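Hello,

Here is the structure I promised to pass on to you. Have a look at it first, and then read on for what turned up in it.

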Amino acid sequence: MTKYLFWTITIAAGIIATHPAQARSCSDYKAICLSKAAKPERCDGAWKRCMKTGIYIGPESGTNHGQADKQ
């Protein structure tokens, strides 16, 4: 029972953390980019664009992650 509860909570937390509707800031996206071992200068460029436009576009994937808080 305890293992089941642990895994249920872990999976739920993972779903909540990766849900696209969660509001993130430009700085949050930059931290995620850096944690994925991308080139720091590419993460910086994506962050600067996000701070200007409020839309984060992944530097490695080109994925438009949508609206972000300019922070």
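**What I found**

Leaving out residues up to four places away in sequence, S25 touches A68, D69 and Q71. Please keep in mind throughout that this is a predicted model. S25 sits in the loop between α1 (2–18) and α2. Is S25 buried or exposed? With a relative accessible area of 6%, S25 is buried, since the cut-off for buried is under 20%.

**The overall layout**

To put that loop in context, here is the chain as a whole. Its secondary structure comes to 3 helices and 2 strands. Starting at the N terminus, the order of the elements is α-α-α-β-β. There are 71 residues in the chain, and buried residues make up 20% of them. The accessible surface comes to about 5,300 Å², and carbon and sulfur atoms account for 63% of that surface. As for contacts in the chain with a separation of 6 or more, 30% of them are between residues 24 or more positions apart.

**The disulfides**

You may want to look at the cysteines next. How many disulfides does a search of the whole structure find? The search finds 2. Counting bonded cysteines along the chain, their pattern is 1-4, 2-3.

One disulfide joins C26 to C50, with an S to S distance of 2.1 Å. C26 lies in helix α2 (residues 26–35) and C50 lies in helix α3 (residues 40–53), so this pair ties together parts that are 24 residues apart in sequence. The torsion about the S-S bond of C26 and C50 is about -75°, which means that the disulfide is left-handed. Both of these cysteines, C26 and C50, are buried.

The other disulfide joins C33 to C43, and here the S to S distance is 2.0 Å. Again helices α2 and α3 are involved: C33 is in α2 and C43 is in α3, so the pair ties together parts that are 10 residues apart in sequence. For C33 and C43, the torsion about the S-S bond is also about -75°, so this disulfide is left-handed. C33 counts as buried because its relative accessibility is 8%. C43 is buried too, with a relative accessible area of 0%.

**Two more residues in helix α3**

Helix α3 also holds R42 and M51, and I looked at each of them in turn.

R42 counts as partly exposed, at 38% relative accessibility. Which residues is R42 in contact with, leaving aside its neighbours within four places in sequence? They are P59 and E60. R42 and E60 are 18 residues apart in sequence, while their C-alpha atoms are 7.8 Å apart in space.

M51 is partly exposed as well, with a relative accessible area of 28%. Not counting residues up to four places away in sequence, M51 touches C26, K70 and Q71. C26 will be familiar as the partner of C50 in a disulfide, and Q71 is also among the residues that S25 touches. From C-alpha to C-alpha, M51 and Q71 are 7.1 Å apart in space, with their positions 20 residues apart in sequence.

**The largest pocket**

Finally, a word on empty space. Rolling a probe the size of a water molecule over the atoms shows where such space is left. The largest pocket holds about 220 Å³ of space. It is lined by 13 residues, and the closest to its centre are I32, C33, K36, G58 and H65. C33 is thus both a lining residue of this pocket and one half of the disulfide with C43.

Which element gives the most to the lining of the largest pocket? That is α2, with 3 residues. Sorted by class, the lining has 6 nonpolar, 4 polar and 3 charged residues.

When you open the model, you could begin with the two cysteine pairs, C26 with C50 and C33 with C43. From there, C33 takes you to the largest pocket, and C26 takes you to M51, which touches it.

Best wishes

How values were computed: Residues numbered from 1 in each chain as written. Predicted model: local features only at pLDDT ≥ 70, side-chain atom pairs only at ≥ 80, totals over all residues. Heavy atoms only, no water. Disulfide = S-S within 2.5 Å. Helix = DSSP H or I, 4+ residues; strand = E, 2+ residues; numbered from the N terminus. Buried < 20%, exposed > 50% of the residue type's maximum accessible area, 1.4 Å probe, protein only. 1 Å grid on protein atoms, 1.4 Å probe; cavity = no way out; pocket = protein on both sides within 12 Å on 5 of 7 lines; lining within 4 Å. Points joined across faces, edges and corners; volume = space filled by probe spheres on them. Nonpolar A, V, L, I, M, F, W, Y, C, P; charged D, E, K, R; others polar. Contact = heavy atoms within 4.5 Å. Areas by Shrake-Rupley, 256 points an atom, 1.4 Å probe, with all protein chains shown as cover.
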